[in-house]
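Visitor: Hello! Could you walk me through this model?

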Amino acid sequence: VTLVYGIYVVLHAQLTPGGGFQGGVILASALLLFYLGEGYRQWRETVRASVLDPLEAAGTGSYAAAGFAGLLSGRAFLANVVPLGTTGKLVSGGLIMVLNLGVALAVAAGFALVFVEFLQETRQFKGERT
């Protein structure tokens, strides 16, 4: 449910309060809830830093690419180069949708990486000394 709500917040950012950052945090929270429900071992088998690092980079790169698309079209950085659509519809925001998706991906992966690092640091296995 949390994952679906996070996607909802990201997709409706140009129509309602919210956006890529807020939706990304909600998406990352869904991963944390998965840890709370399934335990550390299952969570670490599913959530891998080797997957999250490229996702975070892809989100950041897509934001930068959207900005440079405006420059390449002869306009300002982050100038809208996508058709606006109909006001009030889901795809009415032009470049805002692309930017929110990039931010959401970067924020969700970034927070998930913070969770991975934090939980690795706080775990104590049998036989380890404190």
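Visitor: Which helices and strands does the protein have, and in what order do the elements run?

Guide: Happy to help! This is a predicted model, where local features need pLDDT of at least 70, side-chain atom pairs count only at pLDDT 80 or more, and totals for chains, interfaces and linings use all residues. Residues are numbered from 1 along each chain as its sequence is written, and side-chain values use heavy atoms, with hydrogens and water left out. Helices (H or I, at least four residues) and strands (E, at least two) are DSSP runs numbered from the N terminus. The protein has five helices and zero strands, and from the N terminus the order is α-α-α-α-α.

Visitor: What is the radius of gyration of the protein?

Guide: The globule rule, 2.2 Å times the number of residues to the power 0.38, is compared with a radius taken over C-alpha atoms. For 130 residues the rule gives 14 Å, and the protein is well over that, so it is more spread out than a compact globule, with a radius of gyration of 18 Å.

Visitor: Is Leu 15 buried, partly exposed or exposed?

Guide: Leu 15 sits in the loop between helix 1 (2–11) and helix 2 (20–38). Buried means under 20% relative accessible area and exposed over 50%, with partly exposed in between (1.4 Å probe, protein chains only). At a relative accessible area of 35%, Leu 15 is partly exposed.

Visitor: What percentage of the 130 residues in the protein do buried residues make up?

Guide: That share uses the buried cut-off of under 20% relative accessible area. Out of the 130 residues in the protein, the buried ones make up 32%.
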